[in-house]
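Work through the exercises below with the structure open beside the text. Each task is followed by a solution in steps.

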Amino acid sequence: MAEPVRYSADVERFEDDEAKTIEGLKDQFKTILDTTSRDYGHAVRSVHAKAHGLVPGKLTVHGDLPPELAQGLFAHAADYDAILRFSTNAGDILDDSIRLPRGLAVKVLGVEGDRLPGSEGDTTQDFVTANAPAFAAPTPDKFLGNLKMLAATTDKAEGAKKLLSSVLRAFEAGLEAIGQKSVMLSTLGGAKPVHPLGTTYFSQTPFRYGDHIAKFQFVPVSGIKDFADETIDATGRPDANREAMNELLEEQGGTWELRVQLNTDLDAMPIEDASAVWDEDVSPYRTIATLTVEPQAAWVYGTSERQEDRLSFSVWHGLAAHQPLGAVNRARKDTYKFSADYRGKFNGCPIHEPKALADVAVEPMATA
């Protein structure tokens with residue numbers, strides 16, 4: 001394998017209009033948030049609003065990693081508590097028969113070290129991942145274009161969305177049959193309705209990896225890997241994903257390997273094109289840690305909703321050694337904070353980074 005590229009600040013290229021684009025993204029986030037908050041009487045996330053599972057877990061960093069992998073959070077063997085949130089990507093809470101891409105956000109707790117700007121004083125490291133190897137847009141302005149489309153359809157005609165999802169899924173399935181995929185078709189509702197526990201998740205965008213540059217990946221390796229090709233029929237079951245996750249996670253829990261793909265060529269593995277897939281034949285993903293979840297319910301109605309109100313996930317919650325890189329990641333910094341601040345203010349529950357799992361606990365709801 002080729003030698004990994006050394007990180008330096010000049011691997012990023014800043015454009016003059018980034019600040020303007022970020023303001024445009026905030027405007028679209030606000031449109032989504034205003035709409036859903038008015039409809040629900042409660043603020044939810046502007047993207048990935050609907051969660052299918054929210055569970056505690058344990059991240060175990062492997063010992064004896066080679067020097068190029070023993071970086072940042074992964075410099076030494078250690079165990080950390082973690083929180084996992086499984087979701088789909090829309091900004092409104094939709095029937096699961098609308099087939100959308102899956103997301104997995106992981107918050108690692110008790111992480112010490114030099115922090116990213118805006119994350120000072122915290123002790124968390126977030127990983128925000130989705131079940132596609134690259135981001136849906138190459139640049140912030142393309143990201144803004146996609147977001148405008150999603151904002152325009154937020155909370156509009158769910159019945160029509162179900163019908164459209166069926167049509168888009170048929171087109172996307174045809175592409176998959178010949179070894180191709182359309183990110184746009186998947187984003188709009190044509191995604192393969194895979195089991196959230198069986199799929200592989202990717203950071204999609206690049207990050208600093210101590211002395212190097214990398215992307216991350218969570219791969220199921222316990223019995224849940226057998227569900228990699230399983231699809232979920234959500235017909236007449238608006239929360240089918242939660243039902244499927246509860247059934248499987250209660251039965252056997254789950255184990256994932258956290259893997260890292262080191263950048264070995266800045267031309268072939270660009271920093272500023274978030275839609276670029278890095279060739280795994282040139283630089284394969286390599287295991288650095290194990291993420292485990294004990295058998296338990298993935299989603300507990302009346303409890304999980306209140307727990308996730310206390311949480312926000314951002315690629316900018318973390319160590320300076322794992323700084324997000326590229327324009328799309330830079331655009332996510334202020335926009336994700338805007339969304340979290342909006343939710344905290346609207347719901348009267350300011351969001352603070354947890355120091356321990358107990359900080360996310362809520363009292364059981366009283367029963368009549």
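Rings of Phe, Tyr and Trp count as a pair if their centres lie within 6.5 Å; planes over 60 degrees apart make the pair edge-to-face. The model used here is predicted.

**Exercise 1.** State which residues form one aromatic cluster, and describe the pairs of Phe127 with Phe216 and with Phe218.

Solution.
- Step 1. The search of the whole structure gives 14 aromatic pairs.
- Step 2. In the pair of Phe127 and Phe216, the centres are 5.1 Å apart and the planes stand at 75 degrees, which is edge-to-face. Phe127 belongs to strand E4 and Phe216 to strand E7 (residues 212-220), 89 residues apart.
- Step 3. Phe127 also pairs with Phe218, at 6.0 Å centre to centre and 85 degrees between the planes, again edge-to-face. Because Phe127 lies in E4 and Phe218 in E7, this pair ties together parts that are 91 residues apart in sequence.
- Step 4. The cluster consists of Phe74, Phe127, Phe207, Tyr209, Phe216 and Phe218.

**Exercise 2.** Decide whether Phe127, Phe216 and Phe218 are buried or exposed.

Solution.
- Step 1. The cut-off for buried is under 20% relative accessible area.
- Step 2. Phe127 has 5% relative accessibility and so counts as buried.
- Step 3. Phe216, at 2%, is buried, and Phe218, at 0%, is buried too.

**Exercise 3.** Trace the strand pairings from E1 to E4 and find how many residues of E2 and of E4 are buried.

Solution.
- Step 1. Strand E1 (residues 51-61) runs antiparallel to E2, joined by 10 bridges; Val61 faces Ala78 of E2.
- Step 2. E2 pairs with strand E3 (residues 102-109), antiparallel, over seven bridges. Here Arg85 stands opposite Ala105.
- Step 3. E3 and E4 are also antiparallel, with seven bridges, and Val108 is opposite Gln125.
- Step 4. In E2 (residues 78-88), eight of the 11 residues are buried, so the strand is largely enclosed by the rest of the structure.
- Step 5. In E4 (residues 124-130), seven of the seven residues are buried, so E4 too is largely enclosed. Thr124, Asp126, Val128 and Ala130 point one way, and Gln125, Phe127 and Thr129 the other.

**Exercise 4.** Which residues have the most contacts inside the largest nonpolar core?

Solution.
- Step 1. The largest nonpolar core has 50 residues.
- Step 2. Phe74 and Ile288 have the most contacts inside this core.
- Step 3. Leaving out residues up to four places away in sequence, Ile288 touches residues including Val61, Leu65, Phe74, Tyr209 and Phe216.
- Step 4. Another core, of 14 residues, lies apart from the largest one; among its residues are Phe143, Ala151, Val328 and Ala331.

Methods:
Residues numbered from 1 in each chain as written. Predicted model: local features only at pLDDT ≥ 70, side-chain atom pairs only at ≥ 80, totals over all residues. Heavy atoms only, no water. Buried < 20%, exposed > 50% of the residue type's maximum accessible area, 1.4 Å probe, protein only. Helix = DSSP H or I, 4+ residues; strand = E, 2+ residues; numbered from the N terminus. Pairing = 2+ DSSP bridges. Core = buried A, V, L, I, M, F, W, Y, C linked by side-chain atoms within 4.5 Å. Contact = heavy atoms within 4.5 Å. Phe/Tyr/Trp six-rings, centres within 6.5 Å; stacked < 30°, edge-to-face > 60°.
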